[in-house]
Amino acid sequence: MSAAGLVGLDAAHDNYLTDEKTIGSWLLTTDHKRIALLYFASITAFFFLGGAAAALMRLNLLTPNGLIVDHETYNRLFTMHGVIMVWFFLVPAIPVTLGNFVTPLMIGARDLAFPRINLMSWYLFMAGGIIALVGLFAGGVDTGWTFYTPLSTQYAKGYVTLVCCGIILSGYSSIATGLNFIVTIHKLRAPGMTWYRLPLFLWSLYATSVIYVLATPVLAMAMVLILFERIFRVGVFDPALGGDPLLFQHLFWFYSHPAVYIMILPGFGVVSEVITAFSRKSIFGYRFIAWSSVSIAVISFFVWGHHMFVAGTSLYSSVVFSLLSFIVAVPSAIKVFNWLGTLHKGFIHFNAPMLYALGFIGLFTMGGLTGLFVASLGADVHLHDTYFVVAHFHYIMVGAMVSAFFAGLHYWWPKITGRMYPEVWGQIAAVMIFFGFNLTFFPQFILGYEGMPRRYGSYAPEYQVLNVLSSCGSTILAVAYLLPLTYLTWSLFRGASAPANPWAATGLEWQTQSPPRTENFSSTPVVTDPPYYYPRPEERQHV
Amino acid sequence: MTLLPAASAYAREVDWLLVSLLGISLLVLALVLGLMAVYVVRYRYDSGLDRGALATKTWRIEVAWTAATLLGFFGLFIWGANLFVRMYQPKSDPLTINVIAKQWMWKIEYPGGQREINALHIPTDRDVQLLLTSEDVIHDFGVPAFRVKRDVLPGRYEALWLRSDRPGTYHLFCDQFCGTDHASMVGTVTVMSGPDYQKWLESNGASVGLVVEGHTLFIKYGCGGCHQNGLSGGGGTVRAPSLNGLYNSPVPLSDGSTVIADDRYIHDSILYPQQQIVASYAPVMPSFNGVISEEELVKIIAYVKSLAPRVAEASTP
């Protein structure tokens, strides 16, 4: 992303983009807005790399024997896809970009609490990302992103050690980011910004940050133990050395299940903002949505065992984890109902962010409902490790989460860049992503029921029809994801200049200029209104 | 594209659960998408509709839909858990077949000594217990037509129960990623009626059964030097406990606890003898980990299981 194209777009006032123009001023910046842009560039690159791996996989699965690659290469492709998409796109995505940019603006602060740590987080993230990429491209890894032992410690070929090191480094970046958000939200709120006036995006970001800080260290421990077993052959996981292979799964999912909520909670927050803004109406059930984020963060630590229903854990622990998994779905259902309540009696506008948010509700509801299938023990035993699970988590983590990311990106784009995106193109892309996604992943639910296992580079012939359907859908999805990259880049240089508050939305971030000046606000704002205060028509007449 | 066969009563029960989950999901999805569609049309910004006053006391609505969701989920939880727990209940008098997984094949060993690779034959209307273990990484034995699967772990025995009532040949998949040729670790499960199954066993009959082969190995590895075995066996009970009637009997351990001597106990006691020491015996047995393969273990365990309790032992407490 070049600042040059933005120069002079708003000569009337200085802003964070035009303040300084050297490369050094970007690479050594402590401004949360510039760091957010560094992250935007990084995660965009990772997203398209991971996407390219997925495209090759879908191409290979056009024929039962594998169209283009052998098993070994296929295994490396899905490992690369998983590692990049999970740790270098989904886990950081919304918090480090949109969260980084709007958190101080939303609470009326000058910056995050620890601006230098914020910059350090980006460097840690990039160091981890580059180390992992070197491993993935130099020789690849064939363990899957789950690194199950003893496959990953004694049998795997490739650069497992290097990739694990990259993941550990990116984990430190997550912890630092989470800590930064927690302290910022506690300490830097403007006068009058009470907890119950806090935007719901920040409630969800707060819950996410708690998971970052508490769960990520467990991932680091699991990865370090893998390294110890690979290098020094200490017997932690491999039964041949006296270890327990299931121990790794407990440690791994103790992080990785909460990590699913790291990915989706910020999406909930974005959608709460967007639905309200484009309904021009106060959000329905503010406190229920806020506390449902917190309760998801808490309960998410107690459901990891549902990844191990067929792994050989005790029968009764499976029963308990099944019950807890149903319970963790309740707060998510509450959110969906409250968003519908917000639409009721609103004044609904159909700008691109709103279309993405409505698409999110549809895809998230489907992902959530199919979650009930795999939370139910009897059903899960059949569906476990099949394409049903692949479809289920892609509906949440890709369909819903990426829709939420685009909803937020379009919503705050005028604030971030000072330019408007082309509305019609935004609407076309939102609709295309929704249909392209469904065409790609819905057939996989049926494939899973029919029994096709995950991570197969070749498959039985009767699964071909559905695989071809899915691969066709993925081409539409690929085009739909490339569209925003194209028109948003165009709008950086040619877009109409944006007013301070193009959506007539509430929230402090809309009360400063677009793009904001480096110090965000000329004077510290004071909050006097309840959250999402959109006066009703009858109130407007009286005022 | 064919509809997946349901080759057992259990599979058809799972299908009922899945169909019900699907029905409930479609209802909820229709409700959410339907309300969304109605609202965005009725309340679009230029619809000119009089919105009226907003609802008050919204917490009642919140409590109502939270309670409804919880209640529905609890019902689904009970249904799924009930099926799951029943599937894992041990059945009486099963046909036990050993399954040994390794990268990237399934080795099947029958009680009569027959062996197969990537193919399992079972009779109809008979409870079958598969004893699963792995020689290297974690695999997963999955048969979609039976709606069951179970991870296969190195160094452990896991049980999977089958009972089919539909003769036919069905897919067997490895469902847990296990390395390069994971996608080739596939096979078939063939279900045959009782008489056909007997004919099949005879035509593939091994000359000696697992028990006899196990006895040979028992001698080869010198087990009888310490362990008393059978009516005619050697060894005593001075250095090592007797194996007569050991299978499925309670064993008092040196730490004061008691275990039931099942397949997993016998297996682990051979590979990791220091883990569970029988009360009043010294921990002198060497580990056979890496010495005896999983295939040989199957035979030795079959032999130990065949050892009947001695009459004299049975009468003294």
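This is a short tour of a predicted model, stop by stop, for a viewer session.

**Stop 1: the interface of chains A and B**

Select chain A and chain B together. In contact here are 81 residues of chain A and 80 residues of chain B. The two chains bury about 7,200 Å² between them. Of that area, 70% lies on carbon and sulfur atoms.

Now pick out Phe337(A), Lys345(A) and Tyr456(A). They supply 8% of the area that chain A buries against chain B, more than any other three residues.

Which kinds of polar link cross the interface of chain A and chain B? Salt bridges number 0. Residue pairs in polar contact number 20, both partners at pLDDT 80 or more.

Colour chain A by helix next. Several elements each give two or more residues to the side that touches chain B, and these are helix 3 (71–90), helix 6 (151–155), helix 9 (245–279), helix 11 (315–343), helix 12 (352–375), helix 13 (377–383) and helix 15 (423–450). Helix 11 of chain A gives the most, with 15 residues.

**Stop 2: Thr29(A)**

Stay in chain A and centre on Thr29(A). This residue is in the loop between helix 1 (23–27) and helix 2 (32–60). Is Thr29(A) buried or exposed? Thr29(A) is buried, because its relative accessible area is 8%, under the 20% cut-off.

Show the neighbours. Leaving out residues up to four places away in sequence, Thr29(A) touches Gly24(A), Arg34(A), Ile35(A), Leu38(A) and Leu119(A). Add Pro115(A) to the selection. Thr29(A) and Pro115(A) are 86 residues apart in sequence, yet their C-alpha atoms are 8.8 Å apart in space.

Then draw a distance from the side chain of Thr29(A) to the backbone nitrogen of Asp31(A). The value is 3.0 Å.

**Stop 3: two cysteines in chain A**

Select Cys164(A) and Cys165(A). Why is there no bond between their sulfurs? The closest cysteine sulfur to that of Cys164(A) is in Cys165(A), 7.1 Å away, so the pair is too far apart for a bond. The cut-off for a disulfide is 2.5 Å. Cys165(A) is likewise in no disulfide. Over all chains, the count is 0 disulfides.

Switch on the surface. Cys164(A) counts as buried, at 0% relative accessibility. Cys165(A) is partly exposed, with a relative accessible area of 30%.

**Stop 4: the domains of chain B**

Move to chain B and colour by domain. Domain 1 covers 11–42 + 58–88, domain 2 covers 95–203 and domain 3 covers 210–314.

Keep domain 2 and domain 3 in view. Their centres, taken over C-alpha atoms, are 26 Å apart. The contact takes 17 residues from domain 2 and 13 residues from domain 3. The two domains of chain B bury about 1,300 Å² between them, with 51% of it on carbon and sulfur atoms. On the domain 2 side, select Glu109(B), Gly155(B) and Tyr157(B). These lose the most area to domain 3, together 42% of what that side buries.

**Stop 5: polar links between domains 2 and 3**

How many salt bridges join domain 2 of chain B and domain 3 of chain B? The count is 3. For a salt bridge to look at, select Glu295(B) and Arg115(B), whose side chains meet at 2.5 Å, N to O. Across this domain interface there are also 4 residue pairs in polar contact, both at pLDDT 80 or more.

Finish on the strands of domain 2. Strand 1 (95–102), strand 2 (105–109) and strand 5 (128–134) of chain B give two or more residues to the side that touches domain 3. Strand 5 gives the most, with 3 residues.

Key:
Residues are numbered from 1 along each chain as its sequence is written. Chains are lettered from A and ligands numbered from 1 in the order in which they are written. Side-chain values use heavy atoms; hydrogens and water are left out. Buried means under 20% relative accessible area, exposed over 50%, partly exposed in between (1.4 Å probe, protein chains only). Helices (H or I, at least four residues) and strands (E, at least two) are DSSP runs, numbered from the N terminus. Contact means heavy atoms within 4.5 Å. A polar contact is a pair of N or O atoms within 3.5 Å; within protein, one must be able to donate a hydrogen and the other to accept it, and residues adjacent in sequence count only if both atoms are side-chain atoms. Domain bounds come from an automatic or database domain assignment. Buried area is the accessible area (1.4 Å probe) that two parts lose on being put together, summed over both. A salt bridge is a side-chain nitrogen of Lys or Arg within 4 Å of a carboxyl oxygen of Asp or Glu.
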